[in-house]
Every structure is written in structure tokens, then in C-alpha cells.
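The following exercises concern aromatic pairs, charges over rings and the surroundings of a single residue. Each task is followed by a solution in steps.

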Amino acid sequence: MPHCQIDVYERNKADDSFGFGVVFSDETLSEFLSRDPKSYDLIRSKFAYWDELDVARDGEIVRITGNGFCGCSRKTLLQLLQQRCTEEGVSLHFEYDVNDLSKFKDADIIVAADGIGSAIRTQFAADFGTKVELKKNRFVWLGSTKPLDAFTYFFRTTEFGTFVAHTYQYQEGMSTWIFECSDETWQKAGFEVTNEEATIQKLAEVFRDELDGHGLISNKSHWRQFPHVTNEKWSVGNIVLLGDAKATAHYSIGSGTKLAMECAIGLSDAVVANPSNISTAFEQYEKTRRNRVEMIQHAANVSLEWFEDMTRHIKHPFYQFAFGVMTRAKKVTYENLRLRDKSFTDKVLAEFNSLQQSEKSDVPAAFTSFSLREMTLQNRIAMSAMGRYCAENGIVNDWHFTHYTSRAIGGLGLIITEATAISETGRITLGDSCIYTIEQLVNWKHIVDFIHKNTKCKIGIQLAHSGRKGAISKPWEGGTILENRWELMAASPIPFNEKMPAPREMTIEDMDVVVSQFEKASKSAETAGFDMIELQSHHGYLLASFLSPLTNIRTDEFGGNIENRLRFPLRVFNAIRNTFPKEKPISVRISASDWAENGISETDVIAIAGAYKLAGADIINVSTGNTVSYQQPQIGRMWQTPFSDTIRNSVEIPTITAGYIQDIDQINTIILNGRADIVALGKTLLLDPYFVRNAQAYEQFQADDIPPQYKAAVPHYNPMIAGNRKLAEGMKKALKPDSHKK
């Protein structure tokens, strides 16, 4: 659209730049090349390129290759873009602070690209639906003359706490150093927000070895907390947001400038496609870019949170720690890294196997054994408890036999049964499996005996009471309230939703009855031969209703603080632990978030897991949500693993994780970076009971538990899967963005 008049009003001088360098990936450079080769050539002529990334911790260091990034001076980038604007006839106005938009009343479009603290966005904050959340960590942006031949994360453990420096060279003789630490560490070290001289002095001492005699350089380098900016709408009238004014992404994934420039391309495309209809252009801009922006913001937030918790992660063995740095945002996995740099993933796997005392150094993490008390699992893949709702009078039948035994033959390390009610009034539906009668016990024993006789799989039973979420029809029948429903009870008389009846608040006498029912059920579980018990203490069911402040508003000794809210669930747990054989483990499944305002806190969750550990729990199965009907979960791949990570590495207890985990690569990644010890699959196993066999063939792992009746398939099936993997890896390599190294 060469006929358009475009004016840029810049509040700063032409050569003002705050910060030092900017980072682009090969992928972003390819986008620049496809859109404006002249800008691409200018940027490429000035950048410093590297393929390597180093992770260093207190003197240890490892290099990971195959990453593909470039660094460029911010000032240089500004000058290059100013040059391109001049060449294309764009008018540039410097030292022009825009406070009054009425000056531009005749403009067709006003692009508000005035940064994180955007004055224009603030003026119309209610219309844009602006939200700004300050994150916890402190950071400061400095420069140095220290040369670097790789993007490097330097971690330092000090008496004050953990520091990290995100560093990269952006031109010859100049590098960016972004220092970050927790607020607690920052306070202990005695930093001041605007005291640049003291900041440089203290950080230069902490990173004395890394700087190697080179100094630090400031440029209005004040300590800040990262603002997470979102807007419900990106345009109001003829005003449209761009860059940090619209959305921020944490520097730890190097995407702020990248995001701004890619969105500028998207806005340009939309305007060119709709030159006479600005509102339609803005709609197209938002439609084509919002999902991508929110995905990057989510990944950036996951990465940011990893750094907020780095004091917890830094306790890991070195290669596991380095692997955690590389996979922190969940976008990069073990296989991604293996294709980039197999020597690095070999080190990670060898260290892991050494710690597991494996005879071989290359056993895939998912297929290493894992022990709880005297129960040893042949691998770390489990089937999560999933209600099937097809029992008759609580009795499991042929359908259940086929369901469980086929997956055991399929090579799982552990099966956790569907929620199994301890009483008639503890059921969710009329189709629930139960274990309070002899006939129910006998039919469970038939399944357990077959699994033990014919497979190496272990099987645990989840003992359950529905609480306020019971007496409904099966899910495929609508999940509606039963006509002949039984009386519900819970911690407090709060219905699960507006259609459900309010439960009765449990009395001491009710608690006594329920404890005796759980105790009896644990004895039955042992008689049936189960290897493990899992106590249902999640998803808002009876015991969980005591734990969440959203479902427990009691004023007696069972309500209020978390210690009181734990009293009844712990009493139930103790009854089971005292009844079930000591050599057999007990798992507890909890909800680590209610996904609702004023719900259970991280502090509460750590206290809950710690209390169960102290009482004798061997592993915590970490779930989230389903406490209240108005929850707003943030669902995505491996979405619950951060909660498992928190519990595992704060409480120091083994964990099980689940939630949108769909392939062996994700499982290996989760276990290797220390986020969980066992990975439980749910829906993935419903249509693929032989998931583990497929994964073993994919990993070329020689399983020793394949039934003799099926072994003849191995020489035919495994090479086919291996061939498919090789083809897929070839495609991934071919699709990798071209290197832009000069």
C-alpha cells in the first residue's frame, strides 16, 4: 500500500536504547527473510550467531548444540529498522511524547506500540480489558565486555540464595547479562532498586569466576519484577495494540521482540487484506495472532515459574538439572534434544541410570524399575483410575476382567483401579465398582489373580467415597440426579452445583462409620491380593471436601486452618495404614489446585502432602481440580506436571503425575527432569491397551515380560515401529528451520 502515509512518533531520541542485546531464533529469521529480505539482510549482517547453549552451575558446565540463535545489539537493530523506514518513505518523529490522541483524529489507524507501561492502553484500560500481574522474581539487565561463544545460563548458589545470569554475546566484545533471583534472595543480599553502582559491585562478586576479570556495564539498570500483560481486546475504535503494550512474554524464552515483530507482520497482513474496513482488519489481526500469542505467553510463564522455583531445582544432580533447564517450558522434550545433540541426552540418561543402579546406562527412563516398600514395578508407566460405571450391584464383571487384564498383558508397570466404593452410599453412580460384600471381593480377586499369574504388572485399588458428588446417573446417561437417591454427606452442606442437593454436614458419628468402612475395605483389598491401596482424596469427593476451603466452612476442630481440615482424612489414612500389610505401599491422590479463586493454596498442598508422608504414605498421586463446578483449569499437554514437581521436590516424596500425557517421549522427559517418578495414563490407554508394547518397540527396548503366546510377533512388529520412528525423525530434521549462520 505505497499510497499510505505512515508516521512513527517516538518518545526517545533516535539513538536511545534501553537494555543491550536482542535474540532471534532461526525460525524467526526465516520469517523475516520471507517478509522483507532487505531487513533480513541488514540484521544478518550485524548479528552474532551461535549454535551452542551452555548450562553452568557452581563451576560445572555442559554444552548443548543444535539450537540456532542470533544476538543483535538493540541500538543496532533500531538503526537498521530506522534505515528501512526511511528507504520506504515512513516519517519518523523523535523525542515526541504522545499525551493527546486528539492530534491524530484524522488518522485511519493509531498503532499503540508504546511499551509495557503503555499510556494509550492505560487511558482505555477498561475497554481493552487490560490485566497486569507482577511476577515474583527480581531481575536486572546489564552488559559486559566478557566474550561468550554460546548462550549461557550461569547459576550460582550463595549464602543469600540462588542467582542465575542469562547471558549471550550480541556483537564482538559485548554481551548481555540478565541477572535474576527470588525476592527473598534479593532482600537478603541487600540490593536496592535504583542503586546501580551497588548492584554491579555485588553481582560482580557473586559471578567473579564467570566474568573472568571483565566488568559489568549499566544502562538505567534498575531491578524490576516482570509484568505479565494481557488484554481481552486488542483494538478499540481505530486504536490497535502492538508489542509489549498488547502482551508480554518472559525474556527466558527470548520472545518479546520476536513476538512484537511477528505480530507487526500479522497486523500488516490484516490491513492489506482489508484496506477499506479497519474493524474487519483488526478482527483478522486478532483472530490470526491471538492463539499463537497466548501459546507463547503460556510457555513463557511456565519457563518463568521454573526460574521462580530454581532453588528447588538446583538440588537435582547436575545433568538432570541441566536437562530441566532445557525442558522447563514443556515445548522441548527428550527426543527434541536427542535430535539436536545426542551426546548431551546420553549424559543425562547415563546419570539417571547410574542413580537407579541400573546395569546399563542407556535404559529409557520409562522402562527403569521403581520400588515402593516391597513392591517393585517393572517400569514407570501406570494406568490411572478411571470410572467405567458398568458394575452390577458393585460387582466387577467380564467387562472389567477384559479391561484390566488386557492392559496388564500390554506391559504396564502398575494399574490403579477405578474408584471403588467402600459402601453403598459411597458410590457416584449405580454402576460403580465396590468392595464391601464378599461377592464383590471375590470378583476383584479373580482379576488380581489372573494379572499376578500371567504378567509382571502390579495392581492397586483406589478406595473411595463420593461424598457430595454421589447418587447421579452414569456420564453417558447425562450425570443427572437419581430419583431414588441416597442421602449425601460432606464436610459442609454445600452442593456441588445448583442441580445437586445439599449434602448433610458430617457428624462425629458419621466419621466413625466411614472410618470403619475404609478399614474394612483395606482388609478386603488385602484378601483380594491387591499390591497397593490408593486413597481417594481428590476431585472434591468425601475426603477432599474436608481439604479445600471452598468445600469446608466448618467452625469446629475439622474446619479452619489446614491442620484442622486434615484431621478426618488423616484419621481415615491411619486406619488403612494400620490395617494394610506394612510391606505393601499406600498412595494418596490429591487435588493440588481447585482452579478457582480462594481455593486451596500451594502452602496448603505442601502441608497436605507432608502430613500424609509423615503418616506413612509412600507416594502422592497429584491431580488437580474438579472440586467445584465453576473451576477454570488451564489445560494443555503435561499440564499437571508442575504440581507434581512442586510436591515431589518440596516435600521430598515420590509422585505420580497425569494429564494429557500422550507419548513415550513425554513420559521420558517428565521422569528425567525429576517432575514425577511414575506417569499415569488415562484416556491414552482406553483405545490403546498395548501402548507400552508400542513404546517398547519404538525405544527398541527388549522387554522380558511378553507372554510366550505373543513373542512370535516381536521380530515382525518391532522393526516396523523402529522404521516408522526413523522416518519421523528424518521428517523432523527436514522441517527444522534452516541455519542462518553467515
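In this predicted model, the count comes to 33 aromatic pairs, with ring centres required to lie within 6.5 Å.

**Exercise 1.** Classify the aromatic pair formed by Phe226 and Tyr251, and locate both residues in the chain.

*Solution.* The ring centres are 6.3 Å apart and the planes meet at 75°. Planes over 60 degrees apart count as edge-to-face, so the pair of Phe226 and Tyr251 is edge-to-face. Phe226 belongs to strand β14 (residues 224-231), whereas Tyr251 lies in the loop between β16 (239-241) and α9 (256-273). With their positions 25 residues apart, the pair links distant parts of the chain. For burial, the threshold is under 20% relative accessible area. Phe226 counts as buried because its relative accessibility is 8%, and Tyr251 is buried because its relative accessible area is 12%.

**Exercise 2.** Classify the pair formed by the rings of Phe546 and Phe568, and determine whether each residue is buried or exposed.

*Solution.* The centres of the two rings are 5.0 Å apart and their planes stand at 50°. This angle is neither under 30 degrees nor over 60, so the pair is tilted. Phe546 is located in helix α18 (residues 542-547) and Phe568 in helix α20 (residues 567-579). The two residues are 22 residues apart, and their pair links distant parts of the chain. Phe546, at 0% relative accessibility, counts as buried; Phe568 is buried as well, with a relative accessible area of 1%.

**Exercise 3.** Identify the residues that ring pairs link into a cluster with Trp306, and state which charged residues sit over the rings of Trp186 and Phe191.

*Solution.* Ring pairs join Trp306 in a cluster with Phe151, Tyr153, Phe155, Tyr168, Phe307 and Phe321. Over the face of Trp186 lies Arg138, at 3.9 Å from the ring centre. The ring of Phe191 has the charged end of Lys202 over it, 6.0 Å from its centre.

**Exercise 4.** Describe the surroundings of Glu699: its location, its burial and its contacts.

*Solution.* Glu699 is found in the loop between α25 (691-698) and α26 (714-735). Its relative accessibility is 16%, so Glu699 counts as buried. Leaving aside neighbours within four places in sequence, Glu699 is in contact with Pro364, Phe367, Ile664, Asn668 and Arg725. With one of these, Asn668, the side chain of Glu699 forms a polar contact of 3.1 Å.

Note on methods: Residues are numbered from 1 along each chain as its sequence is written. This is a predicted model: local features need pLDDT of at least 70, side-chain atom pairs count only at pLDDT 80 or more; totals for chains, interfaces and linings use all residues. Side-chain values use heavy atoms; hydrogens and water are left out. Rings of Phe, Tyr and Trp (its six-membered ring) pair if their centres lie within 6.5 Å; planes under 30 degrees apart count as stacked, over 60 as edge-to-face and the rest as tilted. Helices (H or I, at least four residues) and strands (E, at least two) are DSSP runs, numbered from the N terminus. Buried means under 20% relative accessible area, exposed over 50%, partly exposed in between (1.4 Å probe, protein chains only). A charge sits over a ring if NZ of Lys or CZ of Arg is within 6 Å of the ring centre and within 35 degrees of the ring normal. A polar contact is a pair of N or O atoms within 3.5 Å; within protein, one must be able to donate a hydrogen and the other to accept it, and residues adjacent in sequence count only if both atoms are side-chain atoms. Contact means heavy atoms within 4.5 Å.
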